[in-house]
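Trainee: I have a model open and want to learn to read it. Where do we start?

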Amino acid sequence: MAKNLLIVESPAKAKTIEKILGSDFQVKSCFGHIRDLEKDDMGIDLQHEFRPTYIVPEEKEKVVRELKKVAKSSDEVWLATDEDREGEAISWHLCEVLGLDPGVTKRIVFHEITRPAIQQAVKNPRILDMNLVNAQQARRILDRIVGFELSPVLWRKMGMKNSLSAGRVQSVAVRLIVEREREIQAFSPQSSFRVGASFSAKDAGDRWVSFRAEGPGRLPDPESAGKFLESCIGAEYTVREVQVKPARKSPAAPFTTSTLQQEASRKLGYSVSRTMVLAQKLYESGRISYMRTDSVNLSETALEDIGQAIRGNFGPEYLESRTFRNRNESAQEAHEAIRPTNMAQSTIEDSDTRRLYELIWKRTIASQMSDAELEKTTARIAISTTREELTATGEVMKFEGFLKAYREDRDEEDGSEENPEGLLPPLAAGQSLRFEEMQATERFTRPAPRYTEASLVKKLEELGIGRPSTYAPTISTIQKRGYVEKRDKEGVQRQFQVLLLREGKITTVSQQEITGAEKSKMFPTDLGMLVTGFLKTHFNRVMDYGFTAKIEEEFDEIANGKKVWNEMIGTFYQPFHESVENTLEHAERVRGERSLGDDPATGKPVVARMGRYGPMVQIGQASQEEKPRFAKLKSTQSIETITLPEALELFRLPRNLGLFEEKEVVINIGRFGPYAQHDKKFYSLGKDLDPYSVALDRVIPLIREKRETRDNKTIKVFSTGNIQILRGPYGPYIKQGTRNYRLPKDKTESAAALTLEECKEIIEKGKASPGKRKRFPRKKPQAREPGSK
């Protein structure tokens, strides 16, 4: 048995570190958190300084037992959980559970899992930093209080039973998405005309080359555009002035957690959660430094490593050592940016993580490379028939610098309308140009784009909401709760006008474009909009961006030892709890209804509202003699924007498409989506077929295909007892009615030969000894605070 036990968070990390440390150390994993707040009574004693009560969850009991056993037989226990606040808290919980003294137990941290870093950490252990532990605990307790007290308010005031929840950061994130959606809904596009002209001039090889010049700003309407083009008929065009200016572009800082999430989304199409899973894998295998950080610093050793890689791959002229400053003054989650641990390795073999690794390598190496040097040319072109002038711009790359390794992408918000500048032929003042044509093209203003996961992370970071460890869980939570959904939006056709001046004549043509198409954007659901409106009305302080950012700053102060954690929570709790009590007593119940008008056929009122299974339209009222009729909204429709004609269209279902094999085929929508019903069987239409327009000839192949799949699944059907033997993903099984029964191992190979009596016997045995259900008995609470004896 090794003398030393070193505990880390993940088994993958344990294997890597054990190889480095050798036989003196046994490295074990605690598989993340081993304790959490008790669920009963919130797990927090509100009357005694918010004292927490922690329990070991049932799924972690085996892990704790094994750790206790190994710790007992080891001379010394070392703690090597992650270096952020979450990792520090896990180490403290390990001390509590294993009976270790946090004042003397050796705690080591490292930014990367490499031999030098691990050996250096072992040589320089420290003890637990209780300020970091208290900062994590303050976040956990405050979030538990907000969730436990706000969620019941939603249940009672919105009538959605226990399906709703609220959270301190998640609710603010949903608010951002809801407000952006309402901005888009209220936006009215305005049109204007942009003038562009095509010219040609001779290049250095005496060949005629074409280039474009832009007109004087935007013209408000077709009449103004037409007048400008008329004023240019028969004009001569002369270069009035040419300006050549040097320009430089500098590289971006190495990755932090949020910038990695943003760039992996733009360049690789990864979701925030996928990026973090792959980054965790790279870190645990020793490929990159710690991946939860808001620092852009690089260590001296890393800078030397990067410098060697630049000289070897690009040449010494490409090396320019740089120091980047953190925008976030409270950046403390880790002390170094995300970077490869070995810059000599520009790629890796693992197919899952290769693309993300290469992205990190390129960004890191580019951060220490020279500026890109450009030459920008601006030519002002005089028009003989008017005082207005045109402007042609171009740029020439003189030295690639960091662009030889990496070019950062941009979000839509950052100016995607900019046209890339091309090359211009040699131009000189006084030079006459050959005119080809001039266009005035109608263009429309656009609303701010919907958030992607990456741009939402960027916005949260700008507002100071959340920290590196919280971005991915927050985005995942708001989607799981049904407040936000990530989906594509199809564009719609729009006509625009183009006025063309060519050979002295002006013609007007109408053209079409697709506008409004979006991919993988964050859309608020009707439920998300309803909950956000309620919380903003009654808990404006909790939903305030500035207040949420201030809470984050207070967590930072606790981590720095400048604030006492339970005093900070006490300051928050009293006014918050009063708001909860006041809302429960005085706030009206939220109906979430919108009146659309009356049904022309019956005269009954039509309303769009939230139902038990989501947004729907209702014709009539429950108090009337006839029962109301209901229809589910399409995924692309919203309670806030649906019109009366669109609502009435939903009541075209069920649709009878006609006969197939002398049986009717009926289309309808159920709880689980659109389906076709034929011969008392149901076939899901999936996402590709629109239930309102699909024809019989599209549904028949679907029925045949699914019926064939269903037949292939069937091994045997008995004429009595409603018993079947079916083929499942884990082997054959018996189905009686809606219940399934597992076959004994000795019967699986001969399933087709089973008799009815044998099947009944297996069913009876299954009923007599049903599978064990997990129970979660209340554990004996452990009610110690961090630092208490």
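What follows is a conversation that goes from the whole chain to single residues.

Mentor: One caution before we begin. This is a predicted model. Now ask about the whole chain.

Trainee: How many helices and strands are in the protein chain?

Mentor: The protein chain has 20 helices and 30 strands. Along the principal axes, its C-alpha atoms fill a box of roughly 95 × 80 × 65 Å.

Trainee: What percentage of the 789 residues in the protein chain is buried?

Mentor: Buried means under 20% relative accessible area, and exposed means over 50%. On that scale, 46% of the 789 residues are buried. As for surface, the protein chain exposes about 41,700 Å². Carbon and sulfur atoms supply 47% of that area.

Trainee: What share of the contacts comes from residues 24 or more positions apart?

Mentor: Take the contacts with a separation of 6 or more. Residues 24 or more positions apart account for 70% of them.

Trainee: And the charges? How far apart are the mean positions of the positive and negative ones?

Mentor: They are 5 Å apart. The count behind that is 126 positive and 117 negative charges.

Trainee: Now a single helix. How do I read H10?

Mentor: Check its span, then its faces. H10 covers residues 300-313, which is 14 residues. From first C-alpha to last it reaches 20 Å, close to the 20 Å expected at 1.5 Å a residue.

Trainee: Which residues of H10 are buried?

Mentor: Ala 302, Leu 303, Ile 306, Gly 307, Ala 309 and Ile 310. These buried residues lie on the same side of H10 because they cover an arc of only 165 degrees around the axis.

Trainee: Which residues are exposed on the other side of H10?

Mentor: Glu 300, Thr 301, Glu 304, Gln 308 and Gly 312. As for the buried residues of H10, what covers them includes helix H11, residues 354-366. Look just past the helix too. Gly 315 takes a positive phi of about 115 degrees there.

Trainee: Let me try the same reading on H7. Which of its residues are buried?

Mentor: H7 runs over residues 222-231, and Ala 225, Gly 226, Phe 228 and Leu 229 are buried in it. Seen down the axis of H7, the buried residues fall within an arc of 160 degrees, so they line one face of the helix. On the other side, Glu 223, Lys 227 and Glu 230 are exposed.

Trainee: What do the buried residues of H7 pack against?

Mentor: Strands. Among them are S9 (191-202), S10 (208-219) and S12 (372-383). The list also includes S14 (432-444), S16 (492-502) and S17 (505-515).

Trainee: Two of those strands have a loop between them. Which residue should I look at in the loop between S9 and S10?

Mentor: Arg 207 has its place there. Arg 207 counts as exposed because its relative accessible area is 56%, and exposed means over 50%. Leaving out residues up to four places away in sequence, Arg 207 touches Ala 201 and Lys 202. Its C-alpha is separated by 9.7 Å from that of Pro 425, 218 residues apart along the chain.

Trainee: How does sequence separation compare with distance for Val 104 and Ala 201?

Mentor: They are 97 residues apart along the chain, and their C-alpha atoms are separated by 79 Å. Val 104 sits in the loop between helix H3 (85-98) and strand S8 (106-107). At 58% relative accessibility, Val 104 counts as exposed.

Trainee: And a polar residue in a strand: is Asn 4 buried or exposed?

Mentor: Asn 4 counts as buried because its relative accessibility is 13%. Asn 4 lies in strand S1, residues 4-8. Beyond residues up to four places away in sequence, Asn 4 touches Asp 24, Phe 25, Gln 26, Glu 76 and Trp 78.

Trainee: Last topic, backbone angles. Which residues are joined by a cis peptide bond with omega of about 0 degrees?

Mentor: Leu 653 and Pro 654. Pro 654 lies in the loop between helix H18 (644-649) and strand S23 (655-660).

Trainee: What is phi of Glu 662?

Mentor: Near 65 degrees, a positive value in a residue other than glycine. Glu 662 lies in the loop between S23 and strand S24 (663-670). With a relative accessible area of 75%, Glu 662 is exposed.

Trainee: Where is Asn 722 found?

Mentor: In the loop between strand S27 (714-717) and strand S28 (723-728). Phi of Asn 722 is near 55 degrees, again a positive value in a residue other than glycine.

Definitions and conventions:
Residues are numbered from 1 along each chain as its sequence is written. This is a predicted model: local features need pLDDT of at least 70, side-chain atom pairs count only at pLDDT 80 or more; totals for chains, interfaces and linings use all residues. Side-chain values use heavy atoms; hydrogens and water are left out. Helices (H or I, at least four residues) and strands (E, at least two) are DSSP runs, numbered from the N terminus. The expected span of a helix is 1.5 Å times one less than its number of residues. Buried means under 20% relative accessible area, exposed over 50%, partly exposed in between (1.4 Å probe, protein chains only). The arc is that of the directions from the helix axis to the C-beta atoms. Contact means heavy atoms within 4.5 Å. Accessible areas come from the Shrake-Rupley method with a 1.4 Å probe; for residues, only the protein chains shown count as cover. Lys and Arg count as positive and Asp and Glu as negative; His and the chain ends are not counted. The place of a charge is taken as NZ of Lys, CZ of Arg, CG of Asp or CD of Glu.
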